[in-house]
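Trainee: I've got a structure open and some time to go through it. Can we talk it over piece by piece?
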Amino acid sequence: MKISIVIVTHNRLDELAELLESISLQTEAPYEIIIVNDCGESIEPVVNLYKELPIKTIELQENMKHVRARNVGVGHVTGDYIMLCDDDDLLSPKHMEYAKDALCEADFVYFDAEIVNFEKHGKTRIPVTRRTFAYHYDEQGMRKFSTYVPSGSVYKKELHDKIGMFDPNVHNYWDWDFMLRAAQACQVKRVPVASVIYAFAESGTNQSASLNDKRKTYLDKLCEKHHLGSLPQKNFFVLLEEPEMKEREAKTMIVWDGQPIHTRYSRCEVLKDE
């Protein structure tokens with residue numbers, strides 16, 4: 001089982017280093033790691049510190065934004081399975097192991113997560129708050145609110161031959177769109193393990209926290225594409241407190257120790273300053 005990890009990054013060297021550190025600690029190694037640098041600052045200072053990892057880098061000459069850049073990365077995959085990872089998220093040490101076990105029962109697996117608010121201390125992010133993001137997989141429920149976290153999810157590469165690539169026309173909602181399409185084409189399985197550490201803060205700079213007219217346009221396109229009716233644009237954390245979402249909450253296994261990740265890159269930067 002050859003799993004290729006696809007990562008898109010743009011000017012987040014510290015976060016990328018933490019992700020690579022978490023991958024280096026996996027109990028099961030990936031077949032390859034494809035990092036697409038979306039016309040950001042050089043990632044060589046980070047990548048060069050992880051020579052034991054099977055990293056392939058793609059340098060884009062223009063900023064294509066995360067959806068199109070992710071499509072570029074998928075186009076370079078040589079493994080038979082694809083794992084997606086955002087550059088600011090983390091994987092717990094047994095994540096790859098859990099994924100391989102789950103893929104024996106499904107074509108597409110995704111995991112529960114812990115939503116974490118980090119504060120930056122130098123080159124290292126320190127966890128401030130954490131909350132579980134774990135919901136029963138429900139195809140009809142997914143048509144109202146997506147509980148799919150793309151980071152750490154794994155699926156057969158051939159899925160793209162059936163349903164096409166990620167859709168940049170829905171931009172912020174590319175992952176929701178992808179899940180809805182995938183569910184019609186293959187067997188999907190939720191893994192009840194919170195082995196994905198999902199960086200997200202309501203007051204942060206994450207694009208998912210921004211509610212504006214442009215984002216509403218993308219939501220309307222998603223609704224039209226999948227015949228979802230008219231869905232309201234609401235704050236993510238407000239949605240999680242609604243009764244319908246509370247009913248979908250599920251038990252999960254907590255595996256993260258809550259400790260910050262100290263990377264080779266952060267240690268090198270400290271030595272330079274001394």
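Trainee: Which residue forms a salt bridge with arginine 264?
Mentor: Glutamate 21 does. The closest N and O atoms are 4.0 Å apart. Keep in mind that this is a predicted model.

Trainee: Where do arginine 264 and glutamate 21 lie?
Mentor: Arginine 264 lies in helix 10, residues 264–273. Glutamate 21 is in helix 1. The pair therefore ties together parts that are 243 residues apart in sequence.

Trainee: Is glutamate 21 buried or exposed?
Mentor: Buried, because its relative accessibility is 9% and the cut-off for buried is under 20%. Arginine 264 is at 23%, so it counts as partly exposed.

Trainee: How many salt bridges are there in the whole structure?
Mentor: A search finds 24. One of them joins the side chains of lysine 123 and aspartate 14, at 3.8 Å from N to O.

Trainee: What does that pair tie together?
Mentor: Lysine 123 sits in the loop between strand 6 and strand 7, and aspartate 14 sits in helix 1, so the pair links parts 109 residues apart in sequence. Aspartate 14 counts as buried, at 10% relative accessibility. Lysine 123 counts as partly exposed, at 32%.

Trainee: Got another salt bridge for me?
Mentor: Try lysine 246 and glutamate 249. Their side chains meet at 3.3 Å, N to O. Lysine 246 is partly exposed, with a relative accessible area of 35%. Glutamate 249 is also partly exposed, at 36%.

Trainee: Which residues do shared salt-bridge partners join into one network?
Mentor: Asp14, Glu15, Lys120 and Lys123. You met Asp14 and Lys123 a moment ago, as a salt-bridged pair.

Trainee: New topic. How many residues has the largest nonpolar core?
Mentor: It has 46. Those with the most contacts inside it are Ile7, Leu20, Ile23, Ile33, Ile35 and Met83.

Trainee: Which helix gives the most to this core?
Mentor: Helix 1, with 6 residues.

Trainee: Why would nonpolar side chains gather like that?
Mentor: In soluble globular proteins, nonpolar side chains tend to be buried together.

Trainee: What does isoleucine 23 touch?
Mentor: Leave out residues up to four places away in sequence, and the list is Ile5, Ile7, Pro30, Ile33, Leu53 and Leu91.

Trainee: And how many residues are in the second core?
Mentor: That separate core has 37 residues. Among them are Val36, Leu60, Ile163 and Val170.

Trainee: Ile7 came up twice. What about strand 1, how many of its residues are buried?
Mentor: 7 of its 7 residues, which run from 3 to 9. Ile3, Ile5, Ile7 and Thr9 point one way. Ser4, Val6 and Val8 point the other way, and all of these residues are buried.

Trainee: Which strand does strand 1 join through 6 parallel bridges?
Mentor: Strand 4 is one, residues 81–86. There, isoleucine 5 stands opposite methionine 83. Strand 2, residues 32–37, also pairs with strand 1 in the parallel sense, over 6 bridges. The bridge partner of isoleucine 7 in strand 2 is isoleucine 35.

Trainee: Now strand 9. How many of its residues are buried?
Mentor: 10 of its 12, so call it mostly covered. Strand 9 spans residues 188–199.

Trainee: How many bridges join strand 6 to strand 9?
Mentor: 8, and the two strands run parallel. Strand 6 covers residues 108–121. Phenylalanine 111 stands opposite valine 191 in strand 9.

Trainee: In which sense do strand 5 and strand 9 pair, parallel or antiparallel?
Mentor: Antiparallel, over 2 bridges. Strand 5 is residues 90–91. Leucine 91 has valine 196 as its bridge partner in strand 9. Strand 10, residues 253–254, runs parallel to strand 9, with 2 bridges joining them. Valine 193 has methionine 253 as its bridge partner in strand 10.

Trainee: Last one. How many cavities of 30 Å³ or more are there?
Mentor: The count comes to 2. The largest holds about 50 Å³ of space.

Trainee: Which residues line the largest cavity?
Mentor: Asp107, Lys156, Glu158, Leu159, Lys162 and Cys186.

Notes:
Residues are numbered from 1 along each chain as its sequence is written. This is a predicted model: local features need pLDDT of at least 70, side-chain atom pairs count only at pLDDT 80 or more; totals for chains, interfaces and linings use all residues. Side-chain values use heavy atoms; hydrogens and water are left out. Buried means under 20% relative accessible area, exposed over 50%, partly exposed in between (1.4 Å probe, protein chains only). Helices (H or I, at least four residues) and strands (E, at least two) are DSSP runs, numbered from the N terminus. Two strands pair if DSSP finds at least two bridges between them. A nonpolar core is a set of buried Ala, Val, Leu, Ile, Met, Phe, Trp, Tyr and Cys residues joined through side-chain atoms within 4.5 Å. Contact means heavy atoms within 4.5 Å. On a 1 Å grid over the protein atoms alone, a cavity is a set of points where a 1.4 Å probe fits but cannot get out, and a pocket is an open set with protein on both sides within 12 Å along at least five of seven lines; lining residues have an atom within 4 Å of a point. Grid points are joined across faces, edges and corners, and a volume is the space filled by probe spheres set on the points.
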